[in-house]
Amino acid sequence: MNRYITVFLFVFAFSCLNHLVYAQQKWDWHLSGGTIIDGTGSPRNKADILVREDSIGFIGQVDSDTIQVRNYVDISGKIVSPGFIDVHAHGNPLITPEFRNFLAMGVTTIVLGQDGSSPKVGSLKSWFAKIEETGPAVNIAVLSGHGSIRQKVGVEERPPTEQELRRMGKLLQSDLEAGAFGMSSGLEYVPGLYASREELKFMAKVTGKYGAIIMSHMRSEDDSKIEASLNELADQGAYTAVHASHLKVVYGKGEERASEILRQIQNYRERGLKFTADAYPYSASYTGIGIVFPDWAKTERAWKNAIEERPDILRRYLEKKVAQRNGPDAILFGSGTYAGQTLQEAAKQENRSPVDLLLEMGPGSASAAHFVMDQQLQDGIVTGHKVMISSDGSPSMRHPRGYGSFAKIIRYYVHEKKLLTLEEAIYKMSGLPARTLGIKNRGTLKEGNKADLLIFDPEKIQDKANFKNPHQLAKGFNWIMVNGKVAKDKEKFNKEGYGTVLRKKPVE
């Protein structure tokens, strides 16, 4: 009996001491009565949150009469979660620092520098300084682009020499020391498609020395080539953590095919590799029209050579490729002369065949949504273990994923299909990406972490964007805090940006 009394007194004394600590301090915000989903995947619980400056200072039961607080908000009946982290995003914080498309769907941190392409600046350090002067609405993390490094060294369409490869390693090292969270690669694009496995392993070794990650748009996402692409990425995983960007299986079908791919990734983990992935919740991709051109005609120079030297071979290739990708009605232009039209509609307008129009346009002329994925298969990928959520979107892209992805996860996967619990979904959108990238003090709700917070009614979350009107803001995330400041209150966005540049500290 004495033991139980001792434990009770200890807990009571600790509770009193804890109360005394928070009661003696001044707070900026008291968020009272909310239901917390903390981003770890743990069950929800009711608690108050106290915020001071840019951080969470206390989580627990609070007597508002005993504290000094500037702002009191009763959030009874609402969910409180960490702000979401979009691990694969696009955009330019110097041009559109307000990033309302991301904020409206609950995203408070975005990761740029994707698909092998990072900012074309003198140095990341100077670019970071410019962003901080601009004051973005969301936090910005960045990757160093493998393709951009190749371009700086002047090896766009060939393998680097040994000396050039060392220069590439030095440029990557400089970006990592400046605070990049890793390296991205775009192996389906120029110049990444010219990279050998040995080159990629060399860059992986540099990345690994800094405890960073490689996030890769892999060599191919086609059903017949996806296993080989994953194996190539796993080779790099011998030296550093690796991550498959916007994981999908083009032309594949069904839940079982999704399970096969997820089992392959799990096998890598069982071998000791750190291997993760992200996915967006749509069955249409969005990329350059060059995706339908062969490797030997993807650059402007190569395309013009092909038109001159082997037009019939190129024509047959495009005819087969377009048919394989579900026909000209399954390619919806999102930029260029024919934005908003399918390839079929544009060709009819120009009184040409779809392939003739592509031959005239060339591989670099436009981007498009490509309806080439199976919904059941993608549902299996999205709900897979250690698969986090991304948008792969931007403020200007003509694809609903840039405005709806994170809201759609809650609306479709949690409520309609019941494929995820709300706790699981929030973990995939906050705690898991923070842990994977090494983003410190964000992604979960705990004392000492930065106050990137969402307050919402999950039943009211709506993704409004669609392929006809892709730039409609998501609804339902009515109260959003970034670094302890209110960035969005109902439908009103704060004109001042409260985001900051996040920098990864290299491992000791």
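**View 1. Strand S13 (residues 275-279) and S17 run parallel and are joined by three bridges.** In this predicted model, the bridge partner of Asp278 in S17 is Met388. Strands here are DSSP runs (E, at least two residues), helices are DSSP runs too (H or I, at least four residues), and both are numbered from the N terminus; two strands pair if DSSP finds at least two bridges between them. S13 and S17 belong to an open sheet of six strands, paired in the parallel sense and ordered S9-S10-S11-S12-S13-S17. Its edge strands, each of which pairs on one side only, are strand S9 (144-145) and strand S17 (387-389).

**View 2. Strands S1, S2 and S3 are linked by antiparallel pairings, S1 with S2 and S2 with S3.** Six bridges connect strand S1 (residues 26-36) with strand S2 (residues 45-52), and Asn45 in S2 is the bridge partner of Ile36. Between S2 and strand S3 (residues 55-60) there are five bridges, with Ile59 in S3 serving as the bridge partner of Ile49. The hairpin of S2 and S3 has two residues between the strands, and in this hairpin Glu53 takes a positive phi near 55°.

**View 3. Helix H13 (residues 375-382) and helix H14 (residues 401-416) cross at roughly 105°, their axes coming within 13 Å.** Axes are lines fitted to C-alpha atoms, for helices over the stretch in contact, and the angles, from 0 to 180 degrees, are taken between N-to-C directions. H13 is therefore roughly perpendicular to H14, a term that covers angles of 65 to 115 degrees. Gln375, Gln378, Asp379 and Val382 of H13 make the contact with Ile409, Tyr412 and Tyr413 of H14, where contact means heavy atoms within 4.5 Å.

**View 4. The whole chain, with 16 helices and 21 strands, gives the setting for the close-ups.** Its C-alpha trace spans about 90 × 50 × 45 Å along the principal axes. Of the 508 residues of the chain, 57% count as buried, that is, under 20% relative accessible area with a 1.4 Å probe and protein chains only. Among contacts between residues at least 6 apart in sequence, 75% join residues at least 24 apart.

**Notes on the model.** Residues are numbered from 1 along each chain as its sequence is written, and side-chain values use heavy atoms, with hydrogens and water left out. Because the model is predicted, local features need pLDDT of at least 70 and side-chain atom pairs count only at pLDDT 80 or more, whereas totals for chains, interfaces and linings use all residues.

Terms used: Angles under 35 degrees count as roughly parallel, over 145 as roughly antiparallel, 65 to 115 as roughly perpendicular and the rest as oblique. Buried means under 20% relative accessible area, exposed over 50%, partly exposed in between (1.4 Å probe, protein chains only).
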